[in-house]
Every structure is written in C-alpha cells, then in structure tokens.
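Please open the structure in a viewer and keep the sequence at hand. The tour below proceeds by selection, one stop after another.

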Amino acid sequence: MTEDYKAHKIQVCTWRNPNGWTPDVQITDLSKGDTVHTMPLRLPQTYATEREAEQAGLSVAKKWIGNEKSAL
C-alpha cells in the first residue's frame with residue numbers, strides 16, 4: 001500500500017508470521033527537493049488481518065509526520 005501525505009510518500013508492506021500480520025513502514029520525505037530522506041519504521045504489533053496491519057502502519061506514519069517527525 002502506498003499513499004502520499006503532506007509531501008511524504010508512505011509505503012506499508014505487511015508480512016505474515018505465526019501470530020498474524022506485521023506491518024513495515026517506509027516514509028519518504030519529498031519536501032526537500034532533490035534530497036530524499038527515508039525513515040523506516042517496524043511496528044512490533046501483529047494484527048489479525050493484512051488490512052488491519054496496513055491501516056495500523058498508515059496511521060502510525062501519519063501520526064509521526066504530524067508530530068513534526070523525528071530527525072530523518
């Protein structure tokens with residue numbers, strides 16, 4: 001799943017493990033012109049469905065962007 005949000009590209013990939021689905025998130029800051037900054041986030045939680053994992057990853061990424069971000 002890929003979504004553009006506030007000059008960032010959010011990519012969420014999910015993988016299945018024995019306990020459910022886990023999201024991995026990559027956030028790319030596109031606001032810096034030619035310089036691209038990418039921040040990977042791995043969420044430790046598992047979810048019952050792939051869709052829930054995708055939505056959780058997207059939600060965490062948007063909160064991170066909205067909270068003025070940690071340093072990239």
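The stops that follow move from the sheet to the helix, the core and some single residues. Please bear in mind throughout that this is a predicted model.

**First stop: the sheet**

Begin by displaying the strands as a cartoon. They form an open sheet of 4 strands, in the order E1-E2-E3-E4, and the pairing is antiparallel. Colour strand E1 (2-5) and strand E4 (37-42) to mark the edges, as each of these pairs on one side only. From one strand to the next, the twist averages 20°.

Next, select E1 together with strand E2 (residues 8-17). These two run antiparallel and are joined by 4 bridges. Which residue stands opposite Asp4 in E2? Selecting Lys9 shows the partner: Lys9 faces Asp4 across this pair of strands.

**Second stop: the loop between E1 and E2**

Now select Lys6, which is found in the loop between E1 and E2. Its phi is near 45°, a positive value in a residue other than glycine. Is Lys6 buried or exposed? The relative accessibility of Lys6 is 57%, over the 50% cut-off, and therefore Lys6 counts as exposed.

Ala7 is also placed in the loop between E1 and E2. Ala7 has a positive phi as well, of about 65°, although it is not a glycine. With a relative accessibility of 44%, Ala7 counts as partly exposed.

**Third stop: the helix**

Select helix H1 (residues 50-66) and turn the view until the sheet can be seen with it. H1 lies across E1, E2, E3 and E4. Relative to E2, the helix runs at about 145°.

**Fourth stop: the nonpolar core**

In soluble globular proteins, nonpolar side chains tend to be buried together. To inspect the largest nonpolar core here, show the side chains of Ile10, Val12, Val25, Ile27, Met39, Leu41, Leu43, Leu58, Ala61, Trp64 and Ile65, which make up its 11 residues. The elements giving two or more residues to this core are E2, E3, E4 and H1. Which element provides the largest share? That element is H1, with 4 residues.

Centre the view on one of the core residues, Val25, which lies in strand E3. Val25 counts as buried because its relative accessibility is 4%, below the cut-off of 20%. Leaving out residues up to four places away in sequence, Val25 touches Ile10, Gln11, Val12, Met39, Pro40, Leu41, Leu43, Gly57 and Ala61. A distance may also be drawn from Val25 to Glu54: their C-alpha atoms are 8.9 Å apart in space, while the two residues are 29 residues apart in sequence.

Then move to Val12, another member of the core. Beyond its neighbours within four places in sequence, Val12 is in contact with Met1, Pro23, Asp24, Val25, Ala53, Glu54, Gly57 and Leu58.

**Last stop: Thr22**

Finally, select Thr22, located in strand E3 (residues 20-29). Thr22 has a relative accessibility of 4% and so counts as buried. What joins the side chains of Thr22 and Asn17? A polar contact of 2.6 Å links the two. To view the surroundings of Thr22, add its contacts outside the four nearest places in sequence: Cys13, Thr14, Trp15, Asn17, Leu43, Gln45, Thr46 and Ala53.

Definitions and conventions: Residues numbered from 1 in each chain as written. Predicted model: local features only at pLDDT ≥ 70, side-chain atom pairs only at ≥ 80, totals over all residues. Heavy atoms only, no water. Buried < 20%, exposed > 50% of the residue type's maximum accessible area, 1.4 Å probe, protein only. Polar contact = N/O pair within 3.5 Å; in protein donor to acceptor, adjacent residues only side chain to side chain. Contact = heavy atoms within 4.5 Å. Pairing = 2+ DSSP bridges. Axes fitted to C-alpha atoms, helices over the stretch in contact; angles between N-to-C directions. Core = buried A, V, L, I, M, F, W, Y, C linked by side-chain atoms within 4.5 Å.
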